[in-house]
Amino acid sequence: LSAAAGVWGGSVQPGGSLRLSCAAPGFNLDYYAIFWFREVSGKEREAVSCISSSGAGQIYPDSVKGRFTVSRDKAKNAVFLQMNDLKSEDTAVYYCATDETSNCRALRYFGMQRWGKGTQVTVSS
């Protein structure tokens, strides 16, 4: 599948904001729950959000709750992750992935379809 994930900014100071995008050219994302994951070298991947097919169902871990917001625009066949009040510990490679279900399951990796190579987000002063 052809897919891409992007970010506006990539590098930001603590307290700043970034917006990540997830798109999959040639693939319709509308029917699947979509997760955002992040990975740091030496650590297990962490799910930072899930959004259901309808967009109504959303879940976040405590580590980002209140700071990150996921949304989707079906007209653009895209999903976005708005990241606010960024902290140095948010530094990681972020990527999106589609689940086989329409609703969000637990914040864990279920062997989902990963899209793109990931985007490096660096938060530093």
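Does R38 count as buried or exposed, and at what relative accessibility? In this predicted model, R38 counts as buried, at 7% relative accessibility. The close-up views below begin with this residue.

**View 1. The side chains of R38 and E46 meet in a salt bridge.** The N to O distance of this pair is 2.9 Å. Whereas R38 is buried, its partner E46 is partly exposed, with a relative accessible area of 27%. The two residues also belong to a network of salt bridges that links R38, E46, R67 and D90. Side chains of opposite charge can pair when their charged atoms come close.

**View 2. Two further salt bridges are R45 with E44 and K87 with D85.** In the first pair shown, the closest N and O atoms of R45 and E44 are 4.0 Å apart. R45 is partly exposed, at 28% relative accessibility, and E44 is exposed, with a relative accessible area of 63%. For K87 and D85, the closest N and O atoms lie 3.8 Å apart. K87 counts as partly exposed at 32% relative accessibility, as does D85 at 38%. The count for the model comes to 10 salt bridges.

**View 3. D30 is buried yet has no salt bridge.** This residue lies in the loop between β3 and β4. The nearest side chain of opposite charge, that of R72, is 4.9 Å away; because a salt bridge requires a nitrogen-to-oxygen distance within 4 Å, D30 and R72 are not counted as one. Leaving aside residues up to four places away in sequence, D30 touches S53, R72, K74 and N77.

**View 4. F68 is a member of the largest nonpolar core.** This core holds 25 residues, of which W36, F68, L81, M83 and Y94 touch the most other members. Two or more residues each come from β3 (18-23), β4 (34-39), β5, β7 (68-73), β8 (78-83), β9 (92-98) and β10 (113-123). A second, separate core of 8 residues includes A47, C50, Y95 and A97. Beyond residues up to four places away in sequence, F68 touches R38, V48, Y60, L81, Q82, M83, N84, L86, D90 and Y94.

**View 5. An open sheet of 6 strands has mixed pairing.** The strand order is β2-β10-β9-β4-β5-β6. At the edges, β2 (11-12) and β6 (58-59) each pair on one side only. Strand β5 (residues 46-51) runs antiparallel to β6 and is joined to β6 by 2 bridges. Within this pairing, I51 stands opposite Q58 in β6.

Terms used
Residues are numbered from 1 along each chain as its sequence is written. This is a predicted model: local features need pLDDT of at least 70, side-chain atom pairs count only at pLDDT 80 or more; totals for chains, interfaces and linings use all residues. Side-chain values use heavy atoms; hydrogens and water are left out. Two strands pair if DSSP finds at least two bridges between them. Helices (H or I, at least four residues) and strands (E, at least two) are DSSP runs, numbered from the N terminus. A nonpolar core is a set of buried Ala, Val, Leu, Ile, Met, Phe, Trp, Tyr and Cys residues joined through side-chain atoms within 4.5 Å. Buried means under 20% relative accessible area, exposed over 50%, partly exposed in between (1.4 Å probe, protein chains only). Contact means heavy atoms within 4.5 Å. Lys and Arg count as positive and Asp and Glu as negative; His and the chain ends are not counted.
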